[in-house]
Every structure is written in structure tokens, then in C-alpha cells.
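Thanks for coming, everyone. Let me put the structure on the screen, and then we will walk through it together.

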Amino acid sequence: MSRSPRSGMVENRGLGLWLTHAGLILGVAFIFFPIWLAFVASTVSQPEIVHPPMPLVPGDQFFENYRKALVAGVNAPVALMLLNSGVMAIGIAVGKIIISLLSAFAIVYFRFPFRRVFFWLIFLTLMLPVEVRIVPTYEVVAGFGMLNSYSGLILPLIASATATFLFRQFFMTVPDELAEAARVDGARPMQFFWDILLPMSRTNIAALFVILFIYGWNQYLWPLLITTDPSMNTIVMGIKQMFPSGDDIADWPVIMATSILAMLPPVVVVIGMQRLFIRGLVESEK
Amino acid sequence: MEKRVLFKGIWLPLLLVLPQILITAVFFFYPAGQAVWQSLFIPDPFGLSSQFVGLGNFEYLLSDRYYRASFVTTAIFSTLVTLVSMGVALYLAVLADRLIKGSGAYRTLLIWPYAVAPAVAGVLWMFMFNTRVGVVTWYLGLLGYDWNHVLNEGEAMSLVVIASSWGRISYNFLFFLAGLQAIPRSVIEAAAIDGARFWTRFRTIVFPLLSPTTFFLLVVNIVYAFFETFGVIHTITSGGPQQATTILVYKVYADGFVGQDLGSSAAQSVILLVVVSILTIIQFKYIERRVHY
């Protein structure tokens, strides 16, 4: 987002500039405060938390709390929940990208019976979240015996067409000459797809992967319903399960360590791939 | 728009669309159809058979005090979440846009909470406002304010609104900042030459030019508040106290899985389906219009 230097007239200097920074820093502080507190809570001992107010600077229990969370957890080791979340998020991202690339290729580069029907069927799924059809989807998954399984976690969430639509839009912008040249050279359709279209889509694929990974990682309701076995819990839904029912006191340091671990992978992805992330976000909403 | 250059073949393209069609049929269209079908029946208490009641479930729902209350709750909740998250984001984006240097750094600092799951955001805020150990609760107590969102309906609503808006600010900020930076500087400078002060410029030029972004975000945020905030509600209040924070999606879950009232839950799903469809249509109309301009 580059722009030409501004004229002096709308530039702010002196006090105005400081007020601008102060306002922004206030905003950043508001955003950071809950996460800072969670981090502090994950580095102190239980007594320090249950006798409020808790300290506002980190303590010395960092390794102890994180080790306890990762190895033992409350219902299941958090390391295992991280693994489950990872499999689910990557499964959703990769699965959705593969089926979408294939069907977008077919819809753009071929004429076949029912093509329009397929396109509209896929298109219809665009904005309907899984939350709306939750009970019947649960029954379908249960009917297939896919409760407490990775396929049960992944498949229902790749049944939507955002990615197909995105790739279709992109393929439309690919110059016809490329396909023409490939055809004249005697390339088969799948060769063209593999050697030309796929390399050209690299950036789009990466941007979409970032968005879908975060989407998959942050799922809550679906894993809550279909993973009754604690060893299949994902980390985002597993946190709530760590709170005791009734009047028992929650193991706050371990729960907060788990919360930090739960947000770490998607946050690293967003910050590390900021460019791709913004691109993916803007494009998937277009 | 159609491609001129096409490949020949019928079986290959059918094979290519097959995986998506299969998955969509099994996990999308069939369940969506089932939701509509089930909404016309009432299962007996043992789940052995069900009785066709036509639109009975809908009639019952619309006359049900709790369901109507949930509609009102959802309206209040999503309006507040949309206003708070968009308001704060617009404020921050306007500030960041005023900077010549450093707006990129603030962007990096502000966008990453997008990656924090609503359910995790819920746990963080629930921890801060926890009635026993919460830091904010404790300091509020010092000021003489007795915070208890477990018992107080208004406080419960405030907390889920703040927690839901918090993570959403990033997303809105990103789009607002992009929208602001797309406004030609010359327009703003021309107004400045005419002597318009910052607030006048914002009200008469910047905000109207930003309206496509604002409208887009309005729809997207309402959809977010309707559906994706389930995690926040479930972790902080579980819909309570006295259903004060039971939004529609939460009620589908509570009635269908906790209460095992499948007919009613299915009917509620269908109503939600209609609501989403209306929002989708509004959005597509808007995209169409944008294409024309």
C-alpha cells in the first residue's frame, strides 16, 4: 500500500501527532492486555491466582506449568490435543484446496453435461456455516461411524465452495493463449493443469492455505460435538473441558498455559505470513 | 465470462468435480435437506417414531416465549458486537491512516488477534472477569463495584459482547485501513485547501467514500455475530443467566443436543438458514452494484 508523500496541509505534527500515537497505543494495549494476563497466569503458581489480585508480571513457574500441561493436561495431554488440532487444520486446508482446484479446473476448462448445475450447487454452499445444519450433519457422521475420528472432524468442514469460487475467478484471468499453446503442443489436460496452471496458482494456494488453516484450527462447535473421547479433543475445544464441573477450583496456570498454546500456531502463521494472510483475507471475501 | 480455449472430454471433468460433489452432497445438501424434513415432524419421547406436524414446529416456536426472547437477545447482541468492533476498528484505522510513518507497524500489532479463536478469547475474558479470581473483578471491587456476570444479566451480555468484539477488531481494522488508504489524497487536500477541518473532512468526504467498505463489513460482522460467536457464549456464560445470552445458534445447540428436542432444533436451523440466505442475498446485491460502478 504505497502512496505519494502528503502535502503539509493534511499532515499532523507536534501535539496532533503525539495524540495519534497515544490513541493507537491505547488500542494496542486493549488488544494485548487479555493475552498478557493469560501469559502471566501461565507462569505463576495456583495460589498466586486464587488469592486475588494476581501479579501483573510473569513468575517463575513457566516451565513447570507448560510441562504439566503438555505432558499431563487435565483430561488429555495438551501435546495430544495440539496434534489433533494440527491434523484437523492441515487436513481441512489441504483437502479443501485439492478438491477445489480440481473442480474449478473442470468448470473453467471443460464443457460437460450439468456443468452449470454443478456450478450452482457448489455456489449455493458459499455462506452456509456448519452451525446451521449441525444436528443432521452430526447424524450423518455418526451413521458413517466417524465420531471421534479425523475424517469426521475434517470432511464436513470442507463441504463448502469458497475456495472453488476463488480458484474459478483466478483461472478466468489466466490468458487463453497458455491453454491454446499447450493444446497445440499436444499436452493432455492434466499436463496443462499440473505444469502450467498449478505453478501459476502458487500464491493463491498459499494465501488460501493460511486462511483455511486458521479457520480449521479455530473450530469449536463441531469438535465439541463429535469428539467425546478426550484423546480426540482439539485444543481450542479442549480448554473448556479442563474446567471442573461444580465448585472445584480450576487449575488456572495449566488452563492458561493451554490457552497460550492454543493461540500460538495461528498467531505465528498470521504474523509470519502477513502478506499472504492479508491477500487471502481480502480475496476470500471478495 | 467464458473461456475460448477448452479441452475436450466428458469423463475427465466429471471425474474432477466428483470429489467435491460427493462431499458436498453427503455433508451439505443431505443434512440441509434433513433439517428441513425433520422440522416438519415431532419425534416421540423414545425416538422410535415421529409424527408429521406440518408447520407445527414453526408455529410452536414463534409462539414460544423463550424463542422470541432468543431472537431479541440475538438482535441486541449482534447489533452491539457489530457497532463496538466496527467503531473501535474505524477509530484506530483513522488514526493509523493519519501517520506517515509507522502505520505498518501498528497494523502488525493490531491484526494478529484475528488468529485467536472465539472460544479462546472467551476463556481469556472469562478469566479476567471471573467472579473469584478475576483481576478486573478485583479492581472493580476496590472501586466499590460488585461485578458478577454469573448472576447479573446485563453484565453477562456486556462481557460476551466485549469478548466477541475484541478479536474482531483486527479484521475490521484491516479492511477500514485499506479502504482509507484507497481514498485519493487529492480529494482530501482539496477540501483542506477549502478550509475544511479534520472532522468536517471526515464527515463529508472520507466516511461517504468509505461506505462500500462499511457496508461490506456490516454484513460480514452480523454473520460473524450470529454464528461464529458460539465459542464465546459457550465458554463464558453457557447462554445464562436465565437465557440472557442464549443467541439463536446457541439455542439450536442447547435444544438439539442438550435438550434432545430434534424437531424444534431442526425448525430453528431452518429459520437460521432463511436468515443467512437473506444476508447472502443482500451481500450479493451489493457486490453486483459495486461491479456496475
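How many residues does each of chain B and chain A bring to the contact? Chain B brings 83 residues, and chain A brings 86. By contact I mean that two residues have their C-beta atoms, placed from the backbone, within 7 Å. On the side of chain B that touches chain A, the largest share comes from helix α1 of chain B, residues 11-38, with 19 residues. The residues on that side of chain B divide into 64 nonpolar, 14 polar and five charged. Here Ala, Val, Leu, Ile, Met, Phe, Trp, Tyr, Cys and Pro count as nonpolar, Asp, Glu, Lys and Arg as charged, and the others, Gly among them, as polar.

A word on what you are looking at. This is a predicted model, where local features need pLDDT of at least 70 and side-chain atom pairs count only at pLDDT 80 or more, while totals for chains, interfaces and linings use all residues. Residues are numbered from 1 along each chain as its sequence is written, and chains are lettered from A and ligands numbered from 1 in the order in which they are written.

Now chain B as a whole. Chain B has 13 helices and two strands. Helices (H or I, at least four residues) and strands (E, at least two) are DSSP runs, numbered from the N terminus. The radius of gyration of chain B is 24 Å, well over the 19 Å that the globule rule gives for 293 residues, so chain B is more spread out than a compact globule. That radius is taken over C-alpha atoms, and the rule is 2.2 Å times the number of residues to the power 0.38. Along the principal axes, the C-alpha atoms of chain B fill a box of roughly 75 × 75 × 30 Å. Of the 293 residues in chain B, 42% count as buried. Buried means 20 or more other C-beta atoms within 10 Å of the residue's own, exposed means 12 or fewer, and partly exposed is in between, with C-beta atoms placed from the backbone.

Where does UniProt place the transmembrane regions of chain B? The unreviewed entry gives residues 12-30, 71-96, 108-128, 205-227 and 266-287. Those positions are in the numbering used here, feature names are shortened, and annotations may be inferred rather than shown by experiment. Take two of these stretches. Residues 12-30 of chain B are 100% helix and 0% strand, with end C-alpha atoms 25 Å apart. Residues 71-96 of chain B are also 100% helix and 0% strand, and there the end C-alpha atoms are 37 Å apart.

Over to chain A. Chain A has 15 helices and zero strands. Its radius of gyration is 24 Å, where a compact globule of 286 residues would have one near 19 Å. The C-alpha trace of chain A spans about 75 × 70 × 30 Å along its principal axes. Buried residues make up 46% of chain A. Take the contacts in chain A between residues at least 6 apart in sequence: 73% join residues at least 24 apart.

How is chain A divided into domains? Domain 1 covers 12-71, and domain 2 covers 78-284. These bounds come from an automatic or database domain assignment. The C-alpha centres of the two domains of chain A lie 32 Å apart. Their contact takes 16 residues from domain 1 and 13 from domain 2. On the domain 1 side, α1 (14-41), α2 (46-50) and α3 of chain A each give two or more residues. α3(A) gives the most, with six residues. That domain 1 side divides into ten nonpolar, five polar and one charged.

Next, Ala76(A). Ala76(A) sits in the loop between α3 (62-71) and α4 of chain A. Is Ala76(A) buried or exposed? Ala76(A) counts as buried, because 20 C-beta neighbours lie inside 10 Å. Leaving out residues up to four places away in sequence, Ala76(A) touches Met81(A), Pro230(A), Ser231(A), Asn233(A) and Gly238(A). The C-alpha atoms of Ala76(A) and Met242(A) are 9.1 Å apart, with these positions 166 residues apart along the chain.

Last stop: backbone angles. Most residues other than glycine have a negative phi. Phe114(A) has a positive phi of about 65 degrees although it is not a glycine. Phe114(A) lies in the loop between α4 (78-109) and α5 (115-124) of chain A. Phe114(A) is exposed, with 11 other C-beta atoms within 10 Å. Asn148(A) also has a positive phi, near 55 degrees. Asn148(A) is in the loop between α6 (134-143) and α7 (150-158) of chain A. With 15 other C-beta atoms within 10 Å, Asn148(A) is partly exposed.
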